[in-house]
Amino acid sequence: MIRFDTDYMAGAHPAVLEEIIKNNRVQTPGYGHDAFCEQARKLIREACGTPDAQVFFMVGGTQTNATVLDGLLPRIGGVIAVESGHINVHEAGAIEFCGHKVITLPSHQGKMCPKELRAYLQDFYADDTWPYMTVPSAVYISFPTENGTIYTLQELKDLHSIAREYGIPLYIDGARLGFGLAASRDVTLPLLAANCDAFYIGGTKMGALFGEAVVCVNPSLLPAFESLMKAHGSILAKGRLLGIQFARLFTDNLYMEIGKHGVDLAMKLRNVLESRGFHTFIDSPSNQQFFILPNCVIDRISPFVSFEYWGPRGENESKVRFVTSWETTAEDILALDAFIRADG
């Protein structure tokens, strides 16, 4: 079976796993207060160009989003996201479970429109009854988006400028950050860090066994954050496991190499499907590719290739998603092509 379901189907990248094994018997203090985590923080700050940023290591994406937003938001605050945003559709209400409302704006192929953000905030404060509403207290986007699309640098600048104008932080979900950066034409890691207030660098989908690295560009935004992490159950006692992984991911440009590998193979996959006459329904430049396939083709290749329906199965054709990862190979793409071409 060739797996294109998602980008965390396999374990760790061999180079990451080798570091874990090499340091398996090293004993260190817990909860991220160890030399491995300090080295990882140093490497991440250098890569981001943020020498004063706080860096925290957490165990998974949902825990990260819920904990960070709980820290950024006041008790009566809500977070603005697009309707298709991950925190709104695929985290089982984790933000609301923490007592914060997700305020939704229209999704444009997964992206938030800066003009619509400004219009919403203007209209909110123009309403004399706003003190009785959920106060918009942060802006959430992901890079890449839930639909694999990429914000331009100007769009990030515009969103950040509007958020600053209203005194609220811009937070970026970077679960697939390496793939997004590899697909972007003008956004680098330092430029992304310069145009938001906090973000996280995904590890789970980018070659780590598990784990995410939160980068808080403005340390004053997350005071006593380790206590909040503990309360959320999102801090790891054996924190060195996260430090070891991120230190390796940010050594010898491995993180970006993984991102480039996934995107390069996603483009090969896209070329294969388009050459067979199939069409995308989302124009994604990243490692997620969204196609409309005839049900007869889906049924024929499903015993050999796994991928996800993106919505309900249609009567004659359906929307599906293919995802590449660090483990995807050129041979996997050739095999997919062969299964599609087979008469069955």
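The second largest pocket in this predicted model holds a volume of about 250 Å³. Its walls come from Thr149, Ile150, Tyr151 and Thr152, then Ala183, Ser184, Arg185 and Asp186, with Asp283 and Pro285 completing the lining. Sorted by class, that makes four nonpolar, three polar and three charged residues.

The largest pocket offers about 340 Å³ of space. Lining it are 19 residues, and Thr6, Tyr8, His86, Arg176 and Lys205 sit closest to its centre. Here the lining splits into four nonpolar, eight polar and seven charged residues.

Then there are the enclosed spaces. Searching the whole structure turns up two cavities of 30 Å³ or more. The largest cavity comes to about 90 Å³. His86, Arg176 and Lys205, already met at the centre of the largest pocket, also belong to the lining of this cavity. The rest of that lining is made up of Ser142, Phe143, Pro144, Thr145 and Glu146, together with Asp173, Ala175 and Gln288. By class, the lining of the largest cavity counts three nonpolar, four polar and four charged residues.

The second largest cavity encloses about 50 Å³. Ser142, Thr145 and Glu146, which line the largest cavity, turn up in the lining of the second largest cavity too. With them are Val82, Gly85, Gly110, Met112, Tyr140, Ile141 and Tyr151. Strand S5 (residues 135-142) supplies the largest share of this lining, with three residues. The class count for the second largest cavity is five nonpolar, four polar and one charged. Tyr151 is a link back to the start, as it lines the second largest pocket as well as the second largest cavity.

Further along the chain, four strands make up an open sheet, with antiparallel pairing and the order S9-S10-S13-S12. Strand S9 (279-282) and strand S12 (308-309) are the edges, each with pairing on one side only. Helix H12 (residues 254-275) packs on this sheet and touches S9, S10 and S13, and its direction makes about 20° with that of S10. Inside the sheet, seven bridges join strand S10 (residues 288-294) to strand S13 (residues 317-323) in the antiparallel sense. Along this pairing, Phe291 stands opposite Val320 in S13. Strand S10 also ties the sheet to the cavities: S10 spans residues 288-294, and Gln288 is one of the residues lining the largest cavity.

Technical notes. Residues are numbered from 1 along each chain as its sequence is written. This is a predicted model: local features need pLDDT of at least 70, side-chain atom pairs count only at pLDDT 80 or more; totals for chains, interfaces and linings use all residues. Side-chain values use heavy atoms; hydrogens and water are left out. Two strands pair if DSSP finds at least two bridges between them. Helices (H or I, at least four residues) and strands (E, at least two) are DSSP runs, numbered from the N terminus. Contact means heavy atoms within 4.5 Å. Axes are lines fitted to C-alpha atoms, for helices over the stretch in contact, and angles run from 0 to 180 degrees between N-to-C directions. On a 1 Å grid over the protein atoms alone, a cavity is a set of points where a 1.4 Å probe fits but cannot get out, and a pocket is an open set with protein on both sides within 12 Å along at least five of seven lines; lining residues have an atom within 4 Å of a point. Grid points are joined across faces, edges and corners, and a volume is the space filled by probe spheres set on the points. Ala, Val, Leu, Ile, Met, Phe, Trp, Tyr, Cys and Pro count as nonpolar, Asp, Glu, Lys and Arg as charged, and the others, Gly among them, as polar.
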